[in-house]
Amino acid sequence: MTDRIFAAVLLAVTIGYAVIAFTVISAPFQYDPLGPESWPQILSIVAVLCLLYILWRPDDVTMDLTRSVWFRLGAAVALLLAYGRLYEPLGFVIATILFGTIMALMLSAPRWGAVAFGVAAGVLGWLLCVTVMDLNLPEGAVVEALLETFNKEGN
Amino acid sequence: MDTVLSGLATGFAVALDPFNLMLVLVGCFLGTLIGALPGLGPINGVAILLPIAYGLGFQPEAALILLAGIYYGAEYGGRISSILLNVPGDAGAVMTTLDGNPMARNGEAGRALSLSAVASFVGGTFAVILMSLFAPALAKFAVTFGPADYVALMVFAFASLASLVGKSTVKTLLGATIGLMLATIGIDANTGVARYTFGIPDILAGIDFLIVVVGLFGMAELLSLVEHQARGTLKSLPVDRSFVRMADLAQTKWTIARASVIGFFIGILPGTGASVASAVAYGTEKRISDTHGTFGTGDVRGLAAPEAANNAAAGGSMVPMLTLGIPGSGTTAILLGALLMFNIQPGPMMFAQRPEVAWGLVASMYIGNVALLVINLPLVGLFARMLTIPQHYLTPLIAVLAFIGIYTIVGNPHDLFMITMLGVFGWFLRKLDFSLAPIILGFVLGGLFEDNLRRALSISGGDWGILVQNWKSVLLYLLALLVVLVPVVLARRARKVAAA
């Protein structure tokens, strides 16, 4: 059943892909026998055939996950999205400390171990990547503002 | 022969440069560490570290040497978690658990680890030697390939992929097609027409290769780790002081030789890497030498065969990537993508045009194999410690590394969202028994496949007959047919024998 649902969703996407290939894409003028639309057309036909086969004869796979596992996966994805969203505003160090600590706690790490891990990942990660390897990581709008006021007060 | 020798000389000059030498060692060491981590295999390791290696701004040959070191280092390290934990890092290490883990449970963990290190070394070295002999010749032959022959070659690659990789042929084919479809997003280079960009400027140049790789292999792996968290902690067997004996080597020398040959040639087949090679080598060895039914209970030959084979396959799968531009495995598909990011088109001309990259890589593999043996025999205890790293720290660490890599290269927070969503998609695909390697292979080869097809038809003025006008392409189509039919026939015959 799971296989069928997934195939049906993919089939809808593929049909959308095919419609665009057959109607929208076209070159204003061309000399070659195959235009930009031909290859997507071929691919969409192959994909539709494969998906119809799966719909006709699905494998016997099930998502045998308990509710708590689903919850943990959902929480992990939410955390990852939040981490990505806060990456630039908070900056690498703070975002990583928060993400590392909360994620480790969620995966049932001991409380102080999780905090230590988060801080180590954020601070050591910054030192290693930015100071030693000279990679480009976000400092963070908040941190930047703080540093600026700090510098002004210093003057 | 002369070209091989002078090529090797060029290569060793590159690989022995102190900086590159250091990168070989660092790559091998990191690779072994990653391979030893339970659940992480070579493909995840290379995927997670690729953006960081790219961001460091190395020369192409240096970055490639580092990544290749990680690749076969991880192939080496995979045996540690297979033997001590009974948890293979990836499909290529599954066979190692069959006899490796029983040996460790019998109190011979040290012997199993050192024997498998020697077997890996022999398999890997054998593959590199064959590679340096064959690759230039194959490249010279491949120069004569026209667009139509390339189309046939791609069909052969996807046919062997569909028939040998994954549980379901249709799902593998669909996966490859999804990869090919992803590759069509962006501006068509021939006509300048935008395809599937929906007016989003970020994807006009196509979806970034790194985002697909890190999303499908890094983030999907992370979600699998989160999923399996609840199933209790893993218990590692201790490393004892036992060591490989001369008698073991004498007993396994033919096993290792056979498995190396099998591994190398299966590795060459496009799309089929270490997993198929180690399974075939183990099966063959069981048929030939398991006269007392000791395989599966800790037989040294059952351990040596898959280990020699998967390292030989890692070398073998480099051959089509370097000479034809067609990767031999999922991991080499990632290396191929890495080369393309450096504006190097792997293929028949690479040995002639960029000898420092092609031969430098080959030479670094000779050095890497020796380095791995030297690192692995005394330091195996250290690597075994990696097994006890708690999963609740490892999992967030993967995300931190993946984010650093993607942000450093692309510098756009929107891409962090993209890799997370691709990770969710990849996790679903894996739950439904899709294997992810075909997708990445399709994605990497998409442009080449389409270009050659269009060029072939331009040459013929729209006549599809050009695709079968040449003996080379006809031969490749026949081989493709063979690769698809042989497993079906064998399976049917096996069923008949079982029924009788």
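**Helix 18 of chain B and its surroundings**

Visitor: How does the span of helix 18 of chain B fit its 19 residues?

Guide: This is a predicted model. At 1.5 Å a residue, helix 18 of chain B (residues 413-431) should span 27 Å, and its end C-alpha atoms lie 28 Å apart, so the two agree.

Visitor: What happens at the start of that helix?

Guide: A side-chain oxygen of B:Asn412 comes to within 3.0 Å of the backbone nitrogen of B:His414.

Visitor: And what follows the helix?

Guide: B:Asp433 follows helix 18 of chain B, with a positive phi near 65°.

Visitor: Which residues of helix 18 of chain B are buried?

Guide: Among them are B:Asp415, B:Leu416, B:Ile419, B:Trp427 and B:Leu429. B:Gly423 and B:Gly426 are buried too.

Visitor: What covers them?

Guide: Both chains contribute. From chain A, the cover includes helix 1 (2-24) and helix 3 (67-90). From chain B, it includes helix 9 (209-228), helix 17 (391-410) and helix 19 (437-460).

Visitor: Back to the two chains, then. How many residues are in contact?

Guide: On the chain B side 62 residues, and on the chain A side 63. About 5400 Å² is buried between the chains, with carbon and sulfur atoms giving 81% of that area. In chain B, the residues that lose the most area to chain A are B:Tyr196, B:Tyr393 and B:Tyr407, together 12% of what that side buries.

Visitor: How many salt bridges are there between chain B and chain A?

Guide: Two. In one salt bridge, the side chains of B:Lys171 and A:Asp3 meet at 3.0 Å, N to O. Nine residue pairs are in polar contact across the interface of chain B and chain A, both residues being at pLDDT 80 or more. The elements of chain B that give two or more residues to the side touching chain A are helix 3 (42-55), helix 8 (169-183), helix 9, helix 17, helix 18 and helix 19.

Visitor: Different topic: B:Lys472. Buried or exposed?

Guide: B:Lys472 counts as buried because its relative accessibility is 11%, under the 20% cut-off. This lysine is in helix 20 (residues 471-499) of chain B.

Visitor: What does B:Lys472 touch?

Guide: Leaving out residues up to four places away in sequence, B:Lys472 touches B:Phe141, B:Thr144, B:Phe145 and B:Asp149. With B:Thr144, the contact is polar, side chain to side chain, at 3.0 Å. The C-alpha atoms of B:Lys472 and B:Gly146 are 9.6 Å apart, although 326 residues separate them along the chain.

Visitor: Where is confidence lowest in chain A?

Guide: In helix 6 (residues 141-154) of chain A, at a mean of 73; the highest is helix 4 (residues 92-106) of chain A, at 93. Chain A averages a pLDDT of 87, with 98% of the residues scoring at least 70.

Technical notes. Residues numbered from 1 in each chain as written. Chains lettered and ligands numbered in written order. Heavy atoms only, no water. Helix = DSSP H or I, 4+ residues; strand = E, 2+ residues; numbered from the N terminus. Expected span 1.5 Å × (residues − 1). Buried < 20%, exposed > 50% of the residue type's maximum accessible area, 1.4 Å probe, protein only. Contact = heavy atoms within 4.5 Å. Polar contact = N/O pair within 3.5 Å; in protein donor to acceptor, adjacent residues only side chain to side chain. pLDDT = per-residue confidence, 0-100. Buried area = accessible area lost by both parts, 1.4 Å probe. Salt bridge = Lys/Arg side-chain N within 4 Å of Asp/Glu carboxyl O.
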